[in-house]
Amino acid sequence: MANLVIVEHDNNEVGAATLHAVTAAQQIGGDIDLLVAGENCGPVAEAAAKIAGVSSVKVADDAKFGHHLAENLATLIVEVAPGYSHVLASATTFGKNVMPRASALLDKAQISEIVEVKSPDTFVRPIYAGNALATVQSSDDIKMITVRTIKFEAAADEGGSAGVEPISGGSDTGLSSWVSQAVSDNDQVDLTSAKIVVSGGRGMQSGDNFAMLHSVADKLGAAVGASRAAVDSGFVPNELQVGQTGKVIAPDLYIAVGISGAIQHLAGMKESKVIVAINNDSEAPIFQVADYGLVADLFEAVPELDTAL
Amino acid sequence: MKILVCVKRVLDPQVKARVKADESGVDLANVKMTMNPFCENALEEALRLREGGIAEEIIVASVGGGKTEETLRHGLAMGADRAIQVVTEDALEPLAIAKVLKQVAEQEGVALVLAGKQAIDDDSNQTAQMLSALLGWSQATYCSEIKIEGDQATVTREVDAGLETIQVKMPAVMSADLRLNEPRYVKLPDVMKAKRKPMDKIELDSLGLDTANRLSTLKVEEPEGRAAGVIVNSVSELVEKLRNEAKVI
């Protein structure tokens with residue numbers, strides 16, 4: 001067996017999510033090669049070669065891969081994938097965008113968001129917003145997989161000494177071009193890797209009221225998240241969304257403020273180690289998953305919490 | 001321009017999925033089914049493109065068994081011009097669905113395919129990307145804004161880090177994210193009108209495609225539940241427990 005892990009990066013650093021996909025590959029067994037496709041991505045290749053357990057790093061450094069457009073990147077994956085039994089990427093918007101395209105070109109099924117490796121051909125993946133876990137067995141000769149990062153520890157990002165092999169290939173399809181990216185405030189703690197997350201829901205009533213959560217989050221070194229209802233209501237941008245169709249996270253502490261606990265929200269946070277719910281509706285479903293529930297008006301409780309920390 | 005909107009019939013998002021006792025799957029007998037919410041976003045966008053004079057005809061298509069027609073009728077009631085049901089009782093995987101939809105898109109000569117970014121039942125998030133690959137068209141996933149001008153479209157995508165804007169050549173396959181639009185409500189006269197709109201049915205077998213499943217589901221189980229928690233009476237008690245009992249702050 002041989003695994004190929006598609007590295008997610010910004011041409012400077014290896015994305016943290018990739019380290020979790022490497023761990024999934026380790027559990028599958030066999031050699032692990034990495035594919036770094038980008039433009040002027042030398043630093044990424046160097047860092048990738050240090051990841052523990054990696055045999056070799058293939059680097060396609062070319063302008064056509066600069067912005068990781070799915071159409072171009074998929075053509076490269078299609079050329080490199082034969083010869084591997086498993087091709088993996090993290091189940092981030094990067095992996096979820098390109099992997100199905102490459103899978104279809106290879107005429108292989110994709111196994112989305114695995115949470116457990118049972119054997120080299122059998123995997124567990126959540127369905128129905130995590131309300132059911134399906135164990136699936138693949139009959140494809142190349143298994144195309146995206147990995148739900150929270151269920152696999154990060155591989156060590158040092159200790160390895162893989163060889164770096166420049167490769168060429170893939171095509172410039174000319175189908176799409178990158179225009180711009182509006183990135184969230186970099187001063188804030190990253191939601192997907194934060195140890196503590198403070199999230200607000202529709203109960204927050206406005207985007208301005210999220211300032212209360214930011215204040216608590218600053219004291220705890222926490223990230224701020226939100227429910228789909230808060231995003232739908234326009235309180236906060238979508239990249240804060242935690243849930244079935246947003247980010248799936250598992251911090252040590254998740255504080256849900258003014259969140260009722262819809263099925264699709266629980267799907268994104270119920271793996272958290274400790275869950276706190278603050279809500280004025282004692283019947284809210286969020287209390288069924290909370291380790292500590294506080295039935296209270298959030299506009300009184302949150303400032304009090306802020307003072308108490 | 002013709003637009004094909006792909007839709008899926010799924011368990012209503014407000015209904016909690018129940019795993020069957022024999023662990024063969026999720027129990028869908030006698031539960032409320034609905035159009036996948038993201039597919040509604042996709043259809044709504046198509047309707048707005050038609051209202052904006054960019055599209056002339058909207059075809060809504062789905063692959064599935066008997067009651068799939070209900071979901072397509074809902075699409076017609078929202079405003080699609082006609083519907084195509086590719087009929088099969090088998091549960092096809094996204095790759096097979098993409099192969100079927102490719103044929104439909106080519107036969108109908110559409111210039112844009114809109115789909116939901118993800119179906120909320122199997123949470124695969126694959127079909128639009130696969131269809132785009134098989135057609136050899138441009139791909140724009142997780143769209144929150146779509147502007148089409150001639151043979152180019154400028155699309156804003158919801159990505160993990162924020163918003164990414166790309167330009168794609170038409171024809172294209174695009175998948176809708178939740179902030180793309182607010183789907184309209186269907187009024188009773190629209191439901192009545194939808195009954196008279198054309199609905200084509202194509203037998204899956206007549207397409208001559210390899211739609212065999214590559215994955216076999218060995219079992220479907222319920223995840224482990226969380227142990228019951230406690231209700232605290234005050235903020236100070238909460239902070240005390242987080243510090244001394246859970247030791248997380």
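A residue counts as buried if 20 or more other C-beta atoms lie within 10 Å of its own, as exposed if 12 or fewer do, and as partly exposed in between, with C-beta atoms placed from the backbone. The model is predicted: local features need pLDDT of at least 70, side-chain atom pairs count only at pLDDT 80 or more, and totals for chains, interfaces and linings use all residues. Residues are numbered from 1 along each chain as its sequence is written, and chains are lettered from A and ligands numbered from 1 in the order in which they are written.

**Exercise 1. Find which residues of helix 1 of chain A are buried, and what covers them.**

Step 1. Helices (H or I, at least four residues) and strands (E, at least two) are DSSP runs, numbered from the N terminus.

Step 2. The buried residues of helix 1 of chain A are A:A17, A:T18, A:L19, A:H20, A:A21, A:V22, A:T23, A:A24, A:A25 and A:I28.

Step 3. Helix 1 of chain A spans residues 16–28, and ten of its 13 residues are buried, so the helix is largely enclosed by the rest of the structure.

Step 4. The cover over these buried residues includes strand 1 (2–6), strand 2 (31–38), strand 4 (86–90), strand 5 (110–114), strand 6 (116–119) and strand 9 (143–147) of chain A.

Step 5. Just after the helix, A:G29 has a positive phi of about 100°.

**Exercise 2. Trace the open sheet of six strands and locate its edges.**

Step 1. Two strands pair if DSSP finds at least two bridges between them.

Step 2. The strand order is 13(A)-12(A)-14(A)-15(A)-16(A)-13(B), with parallel pairing.

Step 3. The edges are strand 13 (223–226) of chain A and strand 13 (230–232) of chain B, each of which pairs on one side only.

Step 4. Axes are lines fitted to C-alpha atoms, for helices over the stretch in contact, and angles run from 0 to 180 degrees between N-to-C directions. Neighbouring strands of the sheet are turned by 20° against each other on average, direction ignored.

Step 5. Strand 16 (residues 292–295) of chain A is joined to strand 13 of chain B by three bridges. In this pair, A:Y292 is the bridge partner of B:V230, and A:G293 stands opposite B:I231.

**Exercise 3. Place helix 6 of chain B against the sheet and sort its buried and exposed residues.**

Step 1. Helix 6 (residues 235–244) of chain B lies across strand 15 (274–279) and strand 16 of chain A together with strand 13 of chain B, and runs at about 170° to strand 16 of chain A.

Step 2. B:V235, B:L238 and B:L242 are its buried residues. Seen down the axis of helix 6 of chain B, they fall within an arc of 60° (taken from the directions from the helix axis to the C-beta atoms), so they line one face of the helix.

Step 3. An α-helix has 3.6 residues a turn, so residues three or four places apart point the same way.

Step 4. The buried residues of helix 6 of chain B pack against strand 15, strand 16 and helix 9 (298–308) of chain A, together with strand 13 of chain B. On the other side of the helix, B:S236 and B:N244 are exposed.

**Exercise 4. Follow the pairing of strand 9 of chain B.**

Step 1. Strand 9 (residues 162–169) of chain B runs antiparallel to strand 11 (residues 176–183) of chain A, joined by seven bridges. Here A:W178 has B:I166 as its bridge partner.

Step 2. Strand 9 of chain B also pairs with strand 8 (residues 152–159) of chain B, in the antiparallel sense and over eight bridges. The two form a hairpin with two residues between them, and B:R157 is bridged to B:E164.

Terms used: Contact = placed C-beta atoms within 7 Å.
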